[in-house]
Amino acid sequence: MADHRIQIAPSILSADFTRLGDQVAEAEKAGADCIHIDVMDGQFVQPITFGPIIAQAIRPRVSIPLEIHMMTLQPEDHIAQLKEACVNRIIVHVEACPHVHAVVQQIKDAGIEAGVAVNPGTALSAAEEVLPDLDQLLVMTVNPGFGGQSFLPSVLPKIKRARQMIDALGQSITLEVDGGINATTASCAVNAGATLLVAGSAVFTSKASVADAMLTLRQAIEAPTCSVDD
Ligand code: DX5
Ligand code: ZN
């Protein structure tokens, strides 16, 4: 059971783009801890979404941090523009960065928090050497590229191992999960040790309002049991 405050990061991938500013403002009002922005390049993952200009556009609409999930090759090419957009955190994929240590240093040198993401099929050891340099570790609970996919319960043991690795280091590194987080799966991720949950469709395409959807997630996080087998 995690003893950390659990944070929620709504992902705008599932938002209504015709009213994006209002949607992020609603999410902040409903208690979102940061806004998660999924940048996809059509190469590392098949879809193309948006880039730094969207971060720049929503920056004035919220005061909570913006985190950029870079599902792109050569994410380092965009650090300067993301710095101009005043983002707070950049997460790069270990699978997309042959020189991940150097990229993490570039992000930190720009004065931005650095995170590394690992796909479901990637061993945690791929991020282990760079872990002491990170502000955040993102364990993907779906294969990246699309919102609305089902949480992969087989990743739960990896989340638990990631929690042990972070605790053993004794540093304050946020353990984030992304993909398929909803009222059923949130407590599983939290029980495994995650402290930051990304939620896209559960927040923005729920039949309920953003406020009610966030409340449902918050209540689920408090739930003591996980009904999903790993
Ligand atoms: C998927 C993205 C996620 C996505 C999550 O590749 O990284 O952030 O928005 O969407 P849900 O919460 O619907 O699984
Ligand atoms: Zn994401």
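Let's start at the zinc ion, ligand 2, in this predicted model. Its protein donors are His 36 through NE2, Asp 38 through OD, His 69 through ND1 and Asp 178 through OD, and they lie 2.0 to 2.2 Å from the metal. What geometry does the site of the zinc ion have? With six donor atoms and angles of 72 to 172° among them, the site is octahedral. For those of you setting up restraints, the ideal angles for six octahedral donors are 90 or 180 degrees.

Along the sequence, the donor residues follow the spacing H-x1-D-x30-H-x108-D. Asp 38 sits in strand 2, residues 35-40, and Asp 178 in strand 7, residues 174-178, so this pair ties together parts that are 140 residues apart in sequence. Are these two aspartates, Asp 38 and Asp 178, buried or exposed? Both of them are buried.

Now a closer look at one of the histidines. His 69 is found in strand 3, and its relative accessible area is 0%, so His 69 counts as buried. Its side chain makes two polar contacts that I'd like to point out. One is with the side chain of His 36, at 3.3 Å, and another is with the side chain of Asp 178, at 3.1 Å. Both partners are zinc donors themselves. If we leave out residues up to four places away in sequence, His 69 touches His 36, Ile 37, Asp 38, Val 39, Ile 91, His 93, Ala 117, Leu 138, Met 140 and Asp 178.

Also in strand 3, which spans residues 66-71, is Glu 67. Glu 67 has 0% relative accessibility, and therefore counts as buried. Which side chains does this buried glutamate meet through polar contacts? For Glu 67, one of them is the side chain of His 36, at 2.6 Å. Another polar contact, of 2.9 Å, joins the side chains of Glu 67 and Arg 89. Setting aside neighbours within four places in sequence, the residues in contact with Glu 67 include Ala 9, Cys 34, Ile 35, Ile 37, Ile 91, Gln 136, Glu 176, Leu 196 and Val 198. There is also a distance along the backbone that you may like: Glu 67 and Glu 113 are 46 residues apart along the chain, and their C-alpha atoms are separated by 8.9 Å.

On to ligand 1. How many residues surround ligand 1? There are 19, and the closest are Ser 11, Gly 145, Gly 148, Asp 178 and Ser 201. Let me give you some oxygen distances. An N or O atom in the side chain of Ser 201 is 2.5 Å from an oxygen atom of ligand 1. For the side chain of Asp 178, the corresponding distance to a ligand 1 oxygen is 2.8 Å. A polar side-chain atom of His 36 lies 3.3 Å from an oxygen atom of the ligand. Asp 178 and His 36 are zinc donors as well, which gives us a link back to where we began.

Let's move to helix 1, residues 20-29. Its buried residues are Leu 20, Gly 21, Gln 23, Val 24 and Ala 27. Looking down the axis of helix 1, these buried residues fall within an arc of 165°, so they line one face of the helix. As a reminder, an α-helix has 3.6 residues a turn, so residues three or four places apart point the same way. What covers the buried residues of helix 1? The cover includes strand 1 (7-10), strand 2, helix 2 (52-58), helix 8 (201-204) and helix 9 (210-222). Just after helix 1 comes Gly 31, with a positive phi of about 100°.

That brings me to backbone angles, my last topic. Most residues other than glycine have a negative phi. Gln 74, though, has a positive phi, near 45°. Gln 74 lies in the loop between strand 3 and helix 3 (79-84), and is partly exposed, with a relative accessible area of 46%. Cys 86 also has a positive phi, near 60°. Its place is the loop between helix 3 and strand 4 (89-93), and at 45% relative accessibility Cys 86 counts as partly exposed.

Definitions and conventions
Residues are numbered from 1 along each chain as its sequence is written. Chains are lettered from A and ligands numbered from 1 in the order in which they are written. This is a predicted model: local features need pLDDT of at least 70, side-chain atom pairs count only at pLDDT 80 or more; totals for chains, interfaces and linings use all residues. Side-chain values use heavy atoms; hydrogens and water are left out. Donors are N, O and S atoms within 2.8 Å of the metal (3.2 Å for Na, K and Ca); water is not among the atoms, so sites may look incomplete. Four donors count as tetrahedral if all angles lie between 85 and 135 degrees; four count as square planar and six as octahedral if opposite donors are over 155 degrees apart and all others between 65 and 115; anything else is irregular. Helices (H or I, at least four residues) and strands (E, at least two) are DSSP runs, numbered from the N terminus. Buried means under 20% relative accessible area, exposed over 50%, partly exposed in between (1.4 Å probe, protein chains only). The arc is that of the directions from the helix axis to the C-beta atoms. Contact means heavy atoms within 4.5 Å. A residue is near a molecule or strand if one of its heavy atoms lies within 4 Å of it. A polar contact is a pair of N or O atoms within 3.5 Å; within protein, one must be able to donate a hydrogen and the other to accept it, and residues adjacent in sequence count only if both atoms are side-chain atoms.
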